[in-house]
Amino acid sequence: MASGAGAAPLLRVEALAHAFGGVQAVNGVTFEVHRGEFLGLIGPNGAGKSTLLDCLSGQIRDYRGRVVFDGQDVSRWPLFRVARTGLVRSYQVSRVFDRLTVLSNLLTAPPRQRGERLPWALLGGWRAQERHHLELAQAALMDFELTPLARTYASEVSGGQRRLVELSRALLTGPKMLLLDEPFAGVSPANRRRLGDWLLRLNQEAGLTILMVEHRLEQVERLCSSALVMAAGRVIARDSMANLRRNPRVIEAYFGG
Amino acid sequence: MGQVIAVLLLGAVDSAVVALAAVGLTLQFGVTNYLNFGYTELLTFGAFVALAVNVTLLGLNVWLAMLVGGVATACLGMAFNRVIFARFARRARDPFTMLIVTFIVGFMLNQVYIVIWGPNTYELHSSQNLQVRVGSLSVGADQLFFVLIATGCMVALELLLHFTRIGRSMRAISDNRSLATACGLNTPRVVDVTWAISGFLAGLAGVILCLQVRAFDVTLGDSFLYLIYPAVVIGGIGRPVGALVASVLIGLFAALGSIAVTPAISAAVIFAGMIVVVILRPQGILGGGRHPSLREG
Amino acid sequence: MGQVEFYIVTLVILASINAINVIGLNVQFGTAGLLNLAYIILLAIGAYATGVAALPPSPSHGYVTYIGGFSWPFPWDLLFGMAVTVACGAVLGIIVFTRVSVWYLAVTLTAIGYALLTVINDEPRLFNGYVGLLNVPGPWESQLSQADYQLVFCAISLICLGLIFLLTWRLERSPLGRAWRAIREDETAAMALGKNPLLLKLLAFSVGSLAAGMAGGLTVLYLGSWNTEAWQPNETFLVLAAVIVGGRGWTVGGVVGSLVTYDLLIEGSKYLPVIGGHLALLPTIQTMFLGLIVMAMLWWRPWGLLPEPKERHRLWAWLKEPRGSHPTVTLDG
């Protein structure tokens with residue numbers, strides 16, 4: 001649900017463009033996302049959705065245009081600097097740290113850990129903060145009933161659980177906005193509803209802003225207040241799903257030549 | 001003036017050796033997606049096989065020995081791939097494993113050389129070095145032949161890559177591995193051929209090198225490592241044409257450097273050039289090489 | 001001191017120096033995933049720097065030439081060597097870590113290794129070229145009897161081992177160690193969580209360089225000499241073997257690995273049949289044997305004899321019973 005229209009947008013994208021291999025993958029995209037929105041990003045294959053996400057998050061850095069997040073120009077910043085501003089992404093194929101336990105995976109997430117700085121790592125003084133992070137991680141584990149897996153290597157858990165580890169780990173960074181790249185990929189039909197419920201709760205109760213790339217239109221319909229439609233590198237529409245279904249340009253993009 | 005030409009010719013031979021080796025190495029990387037870190041030992045292998053057929057066993061003519069050396073190294077490369085590398089490559093989940101395995105195999109190969117040939121130096125029996133008149137100067141005919149052979153190989157390789165099915169498969173895999181695999185192009189046969197070519201070029205390079213330096217020992221391949229690897233990097237890892245161009249530049253530079261400054265300085269400059277390329281233009285001077293921001297493996 | 005005691009003391013000294021060396025590469029490769037195939041040059045830098053710090057100024061008649069020559073006593077010569085190694089390691093790191101790919105790292109470092117070898121060999125004014133540094137004075141060597149000197153050096157090397165062990169042990173149990181392992185596992189994912197890979201890699205590389213510098217310095221002080229024969233680039237193989245065989249990613253594994261490979265090489269050689277009287281071939285055969293073992297480990301047990309433990313501190317003891325009822329979500333994929 002969009003917050004007051006007068007408030008400054010959390011994310012503003014201006015004329016984003018990126019080409020590689022001779023293909024203009026993103027061709028002048030401009031849009032805004034307001035605080036508290038749950039925005040979908042849909043479009044046919046090859047429309048440039050993943051590339052757009054890569055640019056926004058800083059995975060791709062040589063794009064043209066501007067990205068302003070929370071009042072700060074983060075254009076062409078590297079991935080880790082963008083993440084630190086609170087714009088955090090997930091991946092289509094979940095990326096977890098294979099030879100770390102699930103618990104350790106979660107513990108890598110909290111930002112500004114004292115123990116990661118050399119003087120403290122050497123001399124100590126990080127344990128109090130670590131204990132606090134441990135409590136946060138424990139809570140996250142309990143939320144998803146992953147506690148029995150806490151000491152399992154992340155490489156040994158199932159696909160759906162990996163997705164969950166990745167998402168809860170992203171949450172533990174304390175983000176302001178999530179960029180989700182097909183979070184329902186690889187999730188069994190039985191569990192899609194639960195994942196959707198959780199995302200909805202995050203957005204509605206915790207007020208987390210979310211931009212979600214998704215192919216499964218029924219999920220977008222259920223969760224998102226509105227959606228952007230991309231085709232051939234451009235945004236061709238932004239509306240509620242109901243309206244988009246009737247939009248002739250959208251129909252053509254999906255089913256047309 | 002005559003000296004400059006002689007030096008340039010020397011540089012051309014250096015370039016030829018580096019080019020053959022660098023192209024072979026970068027080609028193999030393009031197809032298999034890992035770099036053979038024991039590659040320079042294959043050069044040494046070619047040289048010692050040539051030694052065996054030329055001096056020790058059969059007394060074959062040196063040019064024939066060169067061919068035998070190349071073919072033998074091709075077979076060795078294919079054997080290593082089939083027996084060791086391909087298996088590890090299938091099983092490995094990270095890029096380190098192949099790096100270490102190829103490193104170890106190369107290292108052990110070097111140990112075998114030490115066991116068989118020891119610390120001695122050897123020399124091939126080549127025919128009289130005919131002098132050829134170029135304008136007002138005499139240059140060694142052998143040197144010209146080396147350059148011609150190398151050029152011939154490069155041309156043959158280009159033809160293979162562009163006009164044969166296997167060559168096109170190799171290029172496809174190199175350009176877009178996942179797509180090529182999905183299309184069924186990434187077959188063991190293609191990998192075999194790649195290793196054969198890579199080995200052949202290495203062996204050839206090794207024989208030319210040992211003929212050029214005359215007296216050689218088990219460290220032959222390693223001695224050119226500091227030229228070959230930079231050539232691969234400067235040309236863009238995975239890009240044969242780039243490796244060729246880089247090799248020519250490096251060879252000329254090394255030759256000029258050997259008369260103008262000490263070899264130490266020219267080595268340092270070449271390697272500094274490699275660093276510059278790595279930092280500023282990691283896809284190589286011609287572009288199109290493996291983009292370093294893609295996580296390999 | 002009898003023959004046997006002398007032998008044992010020598011063994012302890014060499015084994016502890018070797019362990020320090022392995023610990024360094026283990027931090028770089030085992031924990032942080034930086035495959036430094038030219039690790040040996042860090043050892044060499046440590047040795048050269050400590051050597052020229054300990055030696056008197058090079059004689060003006062110039063048949064032995066080298067830079068430096070500060071005549072510093074122990075421990076300042078060693079500390080100098082370590083500091084120089086860390087600085088050089090940092091420079092190397094800045095060059096190679098700005099690019100992500102494993103291949104650029106490996107190729108560049110290898111080429112640097114060979115180039116450095118060539119430069120030092122061909123430029124005698126640096127470190128006396130191929131002949132190398134000679135007559136490097138050890139800690140209080142001239143003031144002690146031979147037997148006492150051995151014991152003192154033994155104590156020094158054990159203390160150094162203890163210090164570096166403690167250092168790396170603390171680091172790898174800390175969140176920094178966890179961050180290192182995160183970039184080892186998936187650098188992109190670590191970046192997506194806000195970790196700065198360049199900084200983390202430089203830190204790991206520097207700690208490793210510190211250990212390598214220490215090992216190199218101790219070696220040159222003990223042997224009294226150092227030249228390019230002592231650090232052929234593929235000597236890195238032995239250190240790498242120790243890391244792989246012992247246990248990647250933690251100090252204990254590194255120490256065990258150094259003992260095992262060292263033991264295999266030294267003790268095992270007594271039991272290998274002498275092939276046709278070619279005693280000179282023994283080192284070669286030993287290293288080939290080691291090569292086969294390493295490949296076998298990579299195939300069956302890539303994480304070493306002692307794989308790193310799952311949790312680096314007793315977190316599980318802190319996990320309490322689930323409290324209260326939360327609306328829960330489970331996904332079992």
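Here is a quick tour of a predicted model, going chain by chain and then to the places where chains touch. Chain B comes to 12 helices and two strands, while chain C has 13 helices and zero strands. In chain A, the tour stops at an open sheet of six strands and at some pairings around strand β4(A). After that come the sides that chain A and chain B turn to chain C.

**The six-stranded sheet in chain A**

- Going across this open sheet of chain A, you meet the strands in the order β6-β7-β8-β3-β9-β10, and the pairing is mixed.
- The edges belong to β6 (87-89) and β10 (234-239) of chain A; each has a single partner strand, so one side of each is left without a neighbour in the sheet.
- On average, neighbouring strands here are turned by 20 degrees against each other, with direction ignored.
- One pairing to look up is β3 (residues 38-42) with β9 (residues 226-231) of chain A: the two run parallel and are joined by four bridges.
- Within that pairing, L39(A) sits opposite S226(A) of β9(A).
- As background, strands of a sheet pair through backbone hydrogen bonds, and they can do so in parallel or antiparallel fashion.

**Around strand β4 in chain A**

- Strand β1 (residues 11-20) of chain A pairs with β4 (residues 64-69) of chain A in the antiparallel sense, over five bridges.
- If you want a spot to click on, V13(A) has V67(A) in β4(A) as its bridge partner.
- β4(A) is also joined by two bridges to β5 (residues 72-73) of chain A, and these two strands run antiparallel.
- Here V68(A) stands opposite D73(A) in β5(A).
- The hairpin of β4(A) and β5(A) has two residues between the strands, and D70(A) takes a positive phi near 50 degrees in this hairpin.

**Chain B and one of its helix pairs**

- From start to end, chain B reads α-α-α-α-β-β-α-α-α-α-α-α-α-α.
- Of its 297 residues, 51% are buried.
- Take the contacts in chain B between residues at least 6 apart in sequence: 76% of them join residues at least 24 apart.
- Helix α2 (residues 39-56) and helix α8 (residues 188-213) of chain B have axes that come within 7 Å and cross at roughly 60 degrees.
- That angle makes α2(B) oblique to α8(B), and the crossing is right-handed.
- On the α2(B) side, the residues making this contact include Y39(B), L42(B), F45(B) and A50(B); on the α8(B) side, they include G199(B), L204(B), V207(B) and C210(B).
- By class, the residues of this contact are 12 nonpolar, five polar and no charged.

**Chain C and a residue to visit**

- Chain C follows the pattern α-α-α-α-α-α-α-α-α-α-α-α-α along its sequence.
- Buried residues account for 51% of the 333 residues in chain C.
- Among the contacts in chain C with a separation of 6 or more, 78% are between residues 24 or more positions apart.
- T31(C) belongs to helix α1 (residues 3-31) of chain C.
- Is T31(C) buried or exposed? It counts as buried, because there are 28 C-beta neighbours inside 10 Å.
- Apart from neighbours within four places in sequence, T31(C) is in contact with several residues, among them E172(C), W180(C), R184(C) and G249(C).
- By contrast, look over to L144(C), 113 residues apart from T31(C) along the chain: the C-alpha atoms of the pair are separated by 40 Å.

**Where chain B touches chain C**

- This contact takes 40 residues from chain B and 35 residues from chain C.
- On the chain B side, α4 (95-117), α10 (225-234) and α12 (263-280) each supply at least two residues.
- Which helix gives the largest share of that side? It is α4(B), with 14 residues.
- The chain B side divides into 31 nonpolar, six polar and three charged residues.

**Where chain A touches chain C**

- Here 49 residues of chain A are in contact with 34 residues of chain C.
- Elements of chain A that give two or more residues to this side include β6, α5 (127-143), α6 (159-171) and α7 (189-204).
- Sorted by class, the chain A side has 22 nonpolar, 14 polar and 13 charged residues.

Methods:
Residues numbered from 1 in each chain as written. Chains lettered and ligands numbered in written order. Predicted model: local features only at pLDDT ≥ 70, side-chain atom pairs only at ≥ 80, totals over all residues. Pairing = 2+ DSSP bridges. Axes fitted to C-alpha atoms, helices over the stretch in contact; angles between N-to-C directions. Buried ≥ 20, exposed ≤ 12 C-beta atoms within 10 Å, placed from the backbone. Contact = placed C-beta atoms within 7 Å. Parallel < 35°, antiparallel > 145°, perpendicular 65-115°, else oblique. Left-handed = near helix turned anticlockwise from the far one by under 90°. Nonpolar A, V, L, I, M, F, W, Y, C, P; charged D, E, K, R; others polar.
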